[in-house]
Amino acid sequence: HQFEWQPALKNVSTSWDVGIIDGLSGWTSSVDDVPADTIARRFRYDVALVSALKDLEEDIMEGLRERGLDDSTCTSGFTVVVKESCDGMGDVSEKHGSGPAVPEKAVRFSFTIMSISIRAEGEEDAITIFQEQKPNSELSCRPLCLMFVDESDHETLTAILGPVVAERKAMLESR
């Protein structure tokens, strides 16, 4: 889905049609003797967030209608509250095929859109137009990054999630 940040995100490509990225893109060597190209796959944070919002479009429009608003009311932007989660997925050592050897454990970093609110013109208080009814459900959880790594391997987790944190910080400084 096409979108644009104002101002443009710092240190993030302006391309919006980004698919799955290598979690260690830019690394030339392996981490802990595991080939870097086997260790993680992820979505760019802003692309995943826009996709999740697009999936909620009907719920957002319904929220506006329930409050007697239309989408032209939202001229000063909107606020999206996100809950992030990083959890170990346990042992995944069962082999399928003859691919490269990978660590035996996996970690998933994901997010859930908790609420969306707008500030209507002339109003002081924000109006919530979407509230996630089942925030702990698998159905509301959006995977952002899947990693073959032990959750106690902080060095590798930091290397993989560093760019994710940088993208989140860049989004906080833009619209």
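**Helices and aromatic pairs in a predicted model**

Tutor: Trp5 is buried, with a relative accessible area of 18%. Please keep in mind that this is a predicted model.

Student: Why does 18% count as buried?

Tutor: Because buried means under 20% relative accessible area, Trp5 at 18% falls in that class.

Student: How many aromatic pairs does the structure hold?

Tutor: There are two aromatic pairs in the structure. Phe3 and Trp5 make up an edge-to-face pair, with 6.4 Å from centre to centre and 90° between the planes. Tyr45 and Phe111 form a stacked pair, at 5.6 Å centre to centre and 25° between the planes.

Student: Where in the chain do Tyr45 and Phe111 lie?

Tutor: Tyr45 belongs to helix α1 and Phe111 to strand β4. The two residues are 66 residues apart, and their pair links distant parts of the chain.

Student: And Tyr45 and Phe111, buried or exposed?

Tutor: Tyr45 counts as buried at 3% relative accessibility, and Phe111 counts as buried at 0%.

Student: Changing topic to α2: which of its residues are buried?

Tutor: Helix α2 covers residues 57-66, and its buried residues are Ile60, Gly63 and Leu64. Seen down the helix axis, the buried residues fall within an arc of 100°, so they line one face of α2.

Student: What covers the buried residues of α2?

Tutor: The cover includes α1, β4 and β5, the last of these being residues 127-131.

Student: Which exposed residues does the face turned away carry?

Tutor: That face of α2 carries Glu58, Arg65 and Glu66 as exposed residues.

Student: What comes just after α2?

Tutor: Gly68 lies just after α2 and takes a positive phi of about 70°.

Student: Now α3. What span does it reach?

Tutor: Helix α3 runs over residues 154-172, which is 19 residues. From its first C-alpha to its last it reaches 25 Å, close to the 27 Å expected at 1.5 Å a residue.

Student: Where is the kink in α3?

Tutor: The kink lies at Leu161, shortly before the proline Pro163, and is about 40°.

Student: Which residues of α3 are buried?

Tutor: They are Thr156, Leu157, Ala159, Ile160, Leu161, Val164, Glu167, Ala170 and Met171. Leu161, where the kink lies, is thus among the buried residues of α3.

Student: And what do the buried residues of α3 pack against?

Tutor: They pack against helix α1 (45-55) and the strands β2 (40-42), β3 (78-91), β4 (105-118) and β6 (142-148). Helix α1 holds Tyr45 and strand β4 holds Phe111, the two partners of the stacked pair.

Technical notes
Residues are numbered from 1 along each chain as its sequence is written. This is a predicted model: local features need pLDDT of at least 70, side-chain atom pairs count only at pLDDT 80 or more; totals for chains, interfaces and linings use all residues. Side-chain values use heavy atoms; hydrogens and water are left out. Helices (H or I, at least four residues) and strands (E, at least two) are DSSP runs, numbered from the N terminus. The expected span of a helix is 1.5 Å times one less than its number of residues. The bend at a residue is the angle between axes fitted to the seven residues ending there and the seven starting there. Buried means under 20% relative accessible area, exposed over 50%, partly exposed in between (1.4 Å probe, protein chains only). Contact means heavy atoms within 4.5 Å. The arc is that of the directions from the helix axis to the C-beta atoms. Rings of Phe, Tyr and Trp (its six-membered ring) pair if their centres lie within 6.5 Å; planes under 30 degrees apart count as stacked, over 60 as edge-to-face and the rest as tilted.
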